[in-house]
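Dear colleague,

I am passing a structure on to you, and I would be glad if you could look it over before reading my notes below.

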Amino acid sequence: LPGYVKQYIPGRNDTDGTLQDIAATNGRMLDVILKRTLEVYQLPSNQTIVDYICSSPQVLHAIIDCGALLAGVDLPMLSVNLLSSLPEDDVDGILFFDNEVRDWVILERSGRQYPKDLSPVEEDRVFAIFDEPRCRGTDLKLRADAVAVLTLGPNLCKDKLLQGAGRLRKLERSQNLVMVGGADVFTKMHELQSRRRMKAMKHP
């Protein structure tokens, strides 16, 4: 390894507590996620994530697509459909990353679309779409009481989940999550729980 890179081997050379600090940070974030999650919802086979957002009784302000449930969806067209379904008193536009212009844009209710920094619509008045590539390292100034849908996929790892939830910068204080996944995710969860129960019974 280069001289400036330190190699850490769990249980052997973590003399300065780095791994413990990382584990503690992850643990704190997981605790925040558990406390600030309003609902965990399994999509029925005849419902898509877009259907859920449009019909949810809970007012929603963002989707964080960690589980890639929007893979292959045309985001400009999705934005048009969402804008017609979300309440006007809460949402003035849809904020998404436009791959054609390689920038964040806001689709306004007037039908006009501007780069985020040029639109008169404030970020706290939009519904934001964090597609899968934007679930890490993207900072948007969402409203302080935002509720975001965080999608779950069968291959979603803990790090990606933590990074996605971290898009809500005020999650610990005033923002909330709703987690949504398909039947495949919940089937895996139930199988894992069953294996853990069986292991606990064999080794009490």
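What follows concerns salt bridges and one pocket.

This is a predicted model, in which local features need pLDDT of at least 70 and side-chain atom pairs count only at pLDDT 80 or more, while totals for chains, interfaces and linings use all residues. Residues are numbered from 1 along each chain as its sequence is written, and side-chain values use heavy atoms, with hydrogens and water left out.

The structure holds twelve salt bridges (a side-chain nitrogen of Lys or Arg within 4 Å of a carboxyl oxygen of Asp or Glu). One of them joins Asp-31 to Lys-35, with the closest N and O atoms 3.2 Å apart, and because these residues lie four apart in helix α1, about one helical turn separates them (helices are DSSP runs of H or I with at least four residues, strands runs of E with at least two, both numbered from the N terminus). Lys-35 is exposed at 62% relative accessibility, whereas Asp-31 is partly exposed at 37% (buried is under 20% relative accessible area, exposed over 50%, partly exposed in between, with a 1.4 Å probe and protein chains only).

Arg-136 and Asp-159 also form a salt bridge, at 2.8 Å from N to O. This pair links distant parts of the chain, since Arg-136 sits in the loop between β6 (126-130) and β7 (147-152) and Asp-159 in helix α4, 23 residues apart. In addition, a network of salt bridges links Asp-90, Arg-143 and Asp-145.

As for the second largest pocket (on a 1 Å grid over the protein atoms alone, an open set of points where a 1.4 Å probe fits, with protein on both sides within 12 Å along at least five of seven lines; lining residues have an atom within 4 Å of a point), 14 residues line it, and Met-29, Gly-166, Leu-168, Arg-169 and Glu-172 lie nearest its centre. Helix α1 gives the largest share of this lining, five residues.

Best regards
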